[in-house]
Every structure is written in structure tokens, then in C-alpha cells.
Amino acid sequence: MQSLLSARRCQGHGRSMVSRVASNRVRLLSRPVALCGGVVGAALAMLAPSVALANPPRPYWHPGPPWAPLAPATPEMHQISDLFWGMLAISALVFLFVTVFLILSVVRYTAKPGQGGEPKQVFGNRAVEITWTLIPTFILLVAFIFTVNAIRDINSPKQGKILDIYAIGHQWWWQFDYHSLRVTTADELHVPLGVPIHFHVTSADVIHSFWSPQLERQIDANPVNDNAVYVKYDTPGVYSGDCYEYCGTEHAFMKYRVVVQSTAQFNAWVAHEHRPPVAGTYHAASGTKTSALNTSLVAAGEKVYTNNTCVSCHTIAGVSGGVVGPNLTHLGSRWTIGAGAAPMSEQVLEQWIHNPATYKPGIIMPAYTFLSKKDLHALATYLISLK
Ligand code: CUA
């Protein structure tokens, strides 16, 4: 009993010794750990902007159902969708038929133990050979007729007064020209309901692919061809579009938005596009300059814009006429910066101009790291005011 008690005491003593040694060790260790932590913390604080932008903020993006057959929103896509489901049904039937017969054959005709010899051969059986040649031929013929019919319908120009829209792929954004309406925009397509549209799809550089999965067929944007897409919209809404062919580093950020709206709304949008982007900006079309509403910051921003090389790449109606980069006339009213690369906000725009590669590595636009914080702020304020 005594020895048991002393053993327990010893155990208890041992435990307290261990914990004391451990706590000493922790205390000894805590100094270098704290020092290391401090150094790492300071380094992180210095790197804060780049750490924060390691995952840059992205705009809300709802690409919709992954395949057009799941949610078509134009007669053309309904036709493609019907074709898809029809083909899928035929394939499923063939698959089911083959599988059932395969299983039946395995169960019914596998040699039983003790069973020997060669089964009865059907080689040279004309009836069987004609049957299994005719059935697939018939199935493929039906599929072929329906496909050719759909291709012919979808690829035929529509009747009525057609609206021509020029969709031009660039590395990495989309230019949309409505020549007849004297409107040019970027990454945001507005289309009227019920009006037959003829898209002229081309490219300014490499091969891109123009596709809005719910609205129109996919087609290559090729630098030398004028590829046609005919479509007539019948369901209002906001849809997603994108480039669907790898075209370089920023292929992923070549998104666009399609706004399908009533003719009245579309006409209002066209009228808005014709208006000077901001009160106070000289408007070439009307030859007037109204400066009453202009704030000094916006005016300072416009000066930064015109005094720098922005003007040689971008167009702002009445201010500059560059055509290398997207038209910025109504930039502030668009949904994103950089074709889906960043949300449209004054703060993001500042960072974008400072170094667009933070959001879109490989982008052709150079960094404007030499601009002062004050100039950047004024420039971003001006650009976002272009509504
Ligand atoms: Cu343009 Cu991919």
C-alpha cells in the first residue's frame, strides 16, 4: 500500500516536472517564433496590395446553363436543342437495344459445363446481314435529314428589315459595331426583340469563337472571313456570351453580356449611346461644350486622359479617336472592366489603370505606374462618370 502511494506521488511529481520543462521550452521557443511571426507579418503588410490581389475581385458572373440544349432562348437555339434531344433519344434507344441483347446473349448462350463443340454458324446469312445494314443506315439517314434541315434553317438569312451587327474579336475583348445606327460598344451587346439580326463575325488578330449558348450558334471569329450568324430574339433578358476558342493568355476573360430588350428600350439605349457621355465633355457630333455640371475632379481626370497615351488607343466620343483598345464612350454604364476581368468600380478602375496585369496578366494595355495617386483618382473618376 505504502509503495503504491509513493509510486503515485512519484508519478504526480514526474508529471509536474514534465509540464514545467515543457512550459520552459515553450517560453524559450516563443521568442524566435514571435520574432519570425513579426518578420513574416511585416513582409505580408508590405506585400499587402499584391497579396490582396492574388485573387482579384471578379464581377458577378452567371454564365447560365452549361449547354444550350438545357435552356434555349431563341427559335434557332430551340431547333438545335430539339435536334440534340432527338439524337440523344435515338442514341439511348440503340444503346438500350444493344445492351439488352448483349446481356441476354451472355446469359442464354454461355456454354454450360460439359457442353462442347462449335455453335451453329450464321456466316453468309443474307437476311441477317441485310437487316443489320439497313437498320443503322435508316437511323443515320433520319438523323442526317433532320440535321441538314436544321442547318439550312439556321443558316438562312431572315426575312424583313435586317439589323447588321459587326462582332469583332480582339485579344481579349469584343467590339460591337452597329454601322447603320452609328453605335460602337465593347463587351456589351444590346439587341431588340423580334428584329432579324445578321451578325458579321470577324477578328482583329487571332481566331476567336463567338457564342452565347442560350441565344445563337457558335461560330469562329476569323481575321479574314465575314462569318454570318442569323438570329431573331424572342425572349427578353440578360444573357452571357464568351469566347469559346483558346486565343491566348486571357482567353478566359473575353466575356460579353447580351441584353435582349423591347424595341422601345433598344431605341432608348441607342439614343443614350448617341448622347455625349458626360456633361462637360466636348461632343463632336453636336459641336457643343456644356461645362455647367462638370466637377473639377472630372475635368482634371479628362485632362489626365487627354495628356497621356490613353487617347492613342481608346475612343471617347468627342475626346479621342483611338481604335486599338475598347471604345470607352459610355464606360461607366458597362457591367465590367476588361471583358469580365474585374467589377466596375472607381477603386478597381484606379488599380486597373495603375497595372491592368494585376487583373488580366498578359493584357496588351501597358501599366500606368508613373501616374500619381491624385492623377489616377481623377482619371478613374472621370472614366466612371462616362455614363
Ligand atoms: Cu478569344 Cu478565346
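A residue is called exposed when its relative accessible area is over 50% and buried when that value is under 20%. These two terms serve as a guide through the structure shown above, which is a predicted model.

The overall composition comes first. The protein chain contains eight helices and 14 strands. Of its 387 residues, 36% are buried. The accessible surface of the chain amounts to about 22,700 Å², and carbon and sulfur atoms account for 66% of that area. The contacts within the chain may also be considered. Among those with a separation of 6 or more, 63% join residues that stand 24 or more positions apart.

The interior can be described through its nonpolar cores. The largest nonpolar core consists of 31 residues, and the members with the most contacts inside it are Tyr178, Leu189, Val191, Phe199 and Phe210. Phe210 illustrates how such a residue is surrounded. When residues up to four places away in sequence are set aside, Phe210 touches nonpolar core members Leu189 and Phe199, and its other partners include Trp174, Arg217, Asp242 and Tyr256. A second core, separate from this one, has 27 residues, among them Leu328, Ala341, Leu349 and Trp352.

Attention now turns to empty space. Rolling a probe the size of a water molecule over the atoms reveals where such space remains. The largest pocket holds about 630 Å³ of space. Its lining is made up of 34 residues, and those nearest the centre of the pocket are His314, Gly325, Pro326, Trp352 and Met365. Trp352 thus appears both in the second core and in the lining of the largest pocket. Several elements each supply at least two lining residues, namely α6 (310-313), β13 (336-337), α7 (346-354) and α8 (373-384). The largest share, three residues, comes from α7. Sorted by class, the lining comprises 23 nonpolar, seven polar and four charged residues.

A single residue completes the account. Ile364 is located in the loop between α7 and α8. Is Ile364 buried or exposed? Its relative accessible area is 54%, and Ile364 is therefore exposed, since the limit for that term is over 50%. Ile364 nevertheless has partners elsewhere in the chain: apart from neighbours within four places in sequence, Ile364 is in contact with Gln171 and Trp172. Val324 is 40 residues away from Ile364 along the chain, and the C-alpha atoms of the two residues are separated by 9.7 Å.

Technical notes
Residues numbered from 1 in each chain as written. Predicted model: local features only at pLDDT ≥ 70, side-chain atom pairs only at ≥ 80, totals over all residues. Heavy atoms only, no water. Helix = DSSP H or I, 4+ residues; strand = E, 2+ residues; numbered from the N terminus. Buried < 20%, exposed > 50% of the residue type's maximum accessible area, 1.4 Å probe, protein only. Contact = heavy atoms within 4.5 Å. Areas by Shrake-Rupley, 256 points an atom, 1.4 Å probe, with all protein chains shown as cover. 1 Å grid on protein atoms, 1.4 Å probe; cavity = no way out; pocket = protein on both sides within 12 Å on 5 of 7 lines; lining within 4 Å. Points joined across faces, edges and corners; volume = space filled by probe spheres on them. Nonpolar A, V, L, I, M, F, W, Y, C, P; charged D, E, K, R; others polar. Core = buried A, V, L, I, M, F, W, Y, C linked by side-chain atoms within 4.5 Å.
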